[in-house]
Amino acid sequence: MSGSQVVGLVFAVAVVVGACFLALVLVRVTELLLTVKGTLSTLTAAALPLLEQAEQAAKTGNEGMVKVAAITDNIQAVTDDVSAVAATAGAVVGGPMVKTAKYSLSARRIITSRRAPDRAKQVKAELAAERRGRRRGARSAAPDTATAAATTTAMATATATDKRRSRRKS
């Protein structure tokens, strides 16, 4: 064998070995691809129902959110209506109620002032009558000291009573 034949034979053996190696790699890649294909088909078979369930849950959740939004809008409308009714009722009832309270307070003050006559006025009237009597009596006799003492006591009592009344009203 000549040198070129040996080179040709080595080259042919190398090509055959390379072809066998390449065939082995292709067989392994094919097995791997078949395994991946089986895994993907199993995954797809398991994932599709899960995806459908997730889609259904999302739709149900969205429907629930729409219902909650509608309920919230209705509650807001009712709250606004109740607020308006309360404001109107306050305006309609509140004004007359305040006026009635003022009227009843004034009426009560008038009634209580008429029940208990003013002591100061009463004492002044007594003093005026006494002075008149003294003028008339001064012409005829000396002033009565007992009457003067009674008048002074009545004035002191009237002043104390008026002070107590003014404290109660305050």
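A salt bridge is a side-chain nitrogen of Lys or Arg within 4 Å of a carboxyl oxygen of Asp or Glu. The views below are of a predicted model, and the structure holds two such salt bridges.

**Figure 1. Salt bridge between Lys59 and Glu55 in helix α1.** The side chains of Lys59 and Glu55 meet with an N to O distance of 3.6 Å. This pair counts as a salt bridge because the cut-off is 4 Å. Both residues belong to helix α1 and sit four residues apart, about one turn of the helix. Lys59 has a relative accessible area of 45% and is partly exposed. Glu55, at 47%, is partly exposed as well. Side chains of opposite charge can pair when their charged atoms come close.

**Figure 2. Salt bridge between Arg134 and Glu130 in helix α2.** The closest N and O atoms of Arg134 and Glu130 are 3.6 Å apart. Here too the spacing along the sequence is four residues, about one turn, with both partners in helix α2. Is Glu130 buried or exposed? Glu130 is buried, because its relative accessible area is 14% and buried means under 20%. Its partner Arg134 is partly exposed, with 39% relative accessibility.

**Figure 3. Positive surface patch around Arg132.** Four arginines, Arg131, Arg132, Arg135 and Arg136, form a positive patch on the surface. Arg132 lies in helix α2, which spans residues 119-140. The relative accessible area of Arg132 is 44%, so this residue counts as partly exposed. Patch members must have over 30% relative accessible area and no salt bridge. Arg134 is therefore not eligible for the patch, since Arg134 forms a salt bridge with Glu130.

**Figure 4. Nonpolar surface patch around Leu9.** Which residues make the nonpolar patch of about 580 Å²? Its members are Met1, Val6, Leu9, Val10, Val13 and Val17. Leu9 is part of helix α1, which covers residues 3-115. With a relative accessible area of 46%, Leu9 is partly exposed.

**Figure 5. The whole chain and its confidence.** The chain has three helices and zero strands, and its elements run α-α-α from the N terminus on. Of its 170 residues, 4% count as buried, and Glu130 is one of the buried residues. The chain exposes about 14300 Å², of which carbon and sulfur atoms supply 67%. The mean pLDDT is 81, and 78% of the residues reach 70 or more. Where is confidence highest and where is it lowest? Helix α1 has the highest mean, 88, whereas helix α3 (residues 145-169) has the lowest, 59. Where pLDDT is low, the predicted coordinates should not be read in detail.

Notes:
Residues are numbered from 1 along each chain as its sequence is written. This is a predicted model: local features need pLDDT of at least 70, side-chain atom pairs count only at pLDDT 80 or more; totals for chains, interfaces and linings use all residues. Side-chain values use heavy atoms; hydrogens and water are left out. Patches are made of residues with over 30% relative accessible area and no salt bridge: like charges are joined within 9 Å, nonpolar side chains (Val, Leu, Ile, Met, Phe, Trp, Tyr) within 5 Å. Accessible areas come from the Shrake-Rupley method with a 1.4 Å probe; for residues, only the protein chains shown count as cover. Lys and Arg count as positive and Asp and Glu as negative; His and the chain ends are not counted. The place of a charge is taken as NZ of Lys, CZ of Arg, CG of Asp or CD of Glu. Helices (H or I, at least four residues) and strands (E, at least two) are DSSP runs, numbered from the N terminus. Buried means under 20% relative accessible area, exposed over 50%, partly exposed in between (1.4 Å probe, protein chains only). pLDDT is the predictor's confidence in each residue, from 0 to 100.
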